[in-house]
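Hello,

Here is the structure we talked about handing over. My notes on the strands and helices follow it.

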Amino acid sequence: MDYANRKPKSPKRKPAKKKGSNKKQQRGAKPVGERKAVPWFVVIIAIGLIALFTYILVQISGKSEEVEQPHVQQPPADLLPEKSAERWRYIEELESKEVEVDVPEREVGPPKLMQCGSFRQQADAERLRAQIAMAGLESQVRATDGSNGLWYRVILGPYETKRDAERDRHKLQRNQVFGCAIWNWNID
């Protein structure tokens, strides 16, 4: 059966009411004057059950107060061992000790240069150089003639350590200059 395209059922017609009929009489309800009274023994049993339930609750709550907690004897305070008078000696020993650490010296490699762009047109290289100058760094435009033609490279440096070059590269990245690479280049 196709439930998605199922047509709604048409509403059924209610049977016509007969004149003079009462809804309560149709359902089988008796008129108010004809209702039976509850038998007296049912009322007495209900009152007795409520009284019994109340008595049991009172007895249970009274029992919890009568239960005694077990008494735990604590040993007298004079049976505990005496506190030792021994002082720790490591504090004085550590104050007079010297620690020697071998720290290897940083190897200083060749100077580092950072290239931020390589362009065919000198105007493009000068535009990037101006953007780097706006970030507060000084750069140079070098023309190099390679096997595939003349290129204009935008170069920063030389830097003694790679850490110095990284510091400037992060500064350029904060100023929206991306793509800078750090190289071990010879200064010429």
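Helix α5, residues 162-174, lies across β1, β3 and β4 and runs at about 35° to β1. Helices (H or I, at least four residues) and strands (E, at least two) are DSSP runs, numbered from the N terminus. Lying across implies contact, that is, heavy atoms within 4.5 Å. Axes are lines fitted to C-alpha atoms, for helices over the stretch in contact, and angles run from 0 to 180 degrees between N-to-C directions.

This is a predicted model, in which local features need pLDDT of at least 70 and side-chain atom pairs count only at pLDDT 80 or more, while totals for chains, interfaces and linings use all residues. Residues are numbered from 1 along each chain as its sequence is written, and side-chain values use heavy atoms, with hydrogens and water left out.

The second helix to report is α4 (residues 122-134), which lies across β1, β2 and β3 (149-159) at about 20° to β3.

As for the sheet, four strands make an open arrangement in the order β2-β3-β1-β4, with antiparallel pairing. Two strands pair if DSSP finds at least two bridges between them. At the edges are β2 (140-146) and β4 (181-184), each pairing on one side only. From one strand to the next the twist averages 45°.

Strand β1 (residues 112-119) is joined to β4 by four bridges, and the two run antiparallel. Across this pair, M114 stands opposite I182 in β4.

Seven bridges hold the antiparallel pairing of β2 and β3. These strands form a hairpin with two residues between them, and G146 stands opposite G149 in β3.

Regards
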